[in-house]
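User: I'm new to this structure and would like a close look at one part of it, the salt bridges. Could you walk me through them?

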Amino acid sequence: MAYFTGLGRSVRAVVIVTLGLFLGGWHQLAAQIDAKRPQATRQELESAYSQLSTQQRTYADAVALRERLDQGDFQIGDRIVLLIRGDTSLSNTFTVSGNRTLELPNIGSVPLQGVLRSELEDHLRVVIAKFIRNVDLHAESLIRISVTGQVTKPGFYNVPATALLGDVFTAGGGLTPVSDVGKTEVRRGGQQLLAADKVQRAITEGRTLDQMNLHSGDELLVPEQKKGRTASTVLLIGSIAAALLSIVAVVALVSK
């Protein structure tokens, strides 16, 4: 009896270890998928999907990944900034309409079904080249971010995925005198997505919304400053300024 009891324990141990390795491997792989990163390329998403087993493809993240590859990124109401040199009628901000199309003056409906954000510019260039020779264009998709708490004008703002987090503060009218930037967090669906320490790191490192894996509907919450936090807030604001100055210096150096 003792033998079988010991054997049973051994089997349970093997099952637990095996299950742990499987789940650990899945979570590690899921972290690499990053299926909702706004500017992920088709090659990156296809590569991530190809690494999943049939069983793993039943998970929600994998299903979302496959849907994104098939349906594309754009939904009705999304906004796109288009700039075409020499054509003022096409240089404007346009809204994605029904059936995931973009209605452009003198061109008509441009389908965006199956198009990723990272493919937008090349996709539009091919379409518009049928109407304009040697087209010189720049296109950028916007993501809708909610800014709440201690900013001058709380609300929803459409900003580029390539924007810095500081740009979102600016879109919201800037910080108030009692803003506690050091405690700023990002929420998704009412739940915390990025804690304050990760947000601070992203600000000081000059990370973009895309690099932070933010997407439309996410909320940037800036709490009110508590007593005794003035010094730390000043230090963080100094870090933001230093990061911006560094970027300006690099741009100036490259432009010489």
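Analyst: Let's start with a little network: Glu46, Arg66 and Asp70 are linked to one another by salt bridges. Keep in mind that this is a predicted model. Within that network, the side chains of Glu46 and Arg66 meet with an N to O distance of 3.8 Å. The pair ties together distant parts of the chain, with Glu46 sitting in helix H2 (residues 42–50) and Arg66 in helix H3 (residues 60–71), 20 residues apart. Glu46 is partly exposed, at 33% relative accessible area, and Arg66 also counts as partly exposed, at 24%.

Why would such side chains get together? Opposite charges on side chains can pair when the charged atoms come close.

Now for another pair: Asp136 and Arg85 form a salt bridge, with their closest N and O atoms 3.5 Å apart. This one links distant parts of the chain too, 51 residues apart: Asp136 is in the loop between helix H4 (120–128) and strand S5 (137–149), while Arg85 is in the loop between strands S1 (79–84) and S2 (92–97). Asp136 is partly exposed at 38% relative accessibility, whereas Arg85 is exposed at 70%.

Helix H4 has a salt bridge of its own, between Glu121 and Arg125. Their closest N and O atoms are 3.5 Å apart. The two are four residues apart in H4, so about one helical turn separates them. Glu121 is partly exposed at 25%, and so is Arg125 at 28%.

Zooming out, the whole structure has 10 salt bridges, set in a protein of seven helices and nine strands.

How values were computed. Residues are numbered from 1 along each chain as its sequence is written. This is a predicted model: local features need pLDDT of at least 70, side-chain atom pairs count only at pLDDT 80 or more; totals for chains, interfaces and linings use all residues. Side-chain values use heavy atoms; hydrogens and water are left out. A salt bridge is a side-chain nitrogen of Lys or Arg within 4 Å of a carboxyl oxygen of Asp or Glu. Buried means under 20% relative accessible area, exposed over 50%, partly exposed in between (1.4 Å probe, protein chains only).
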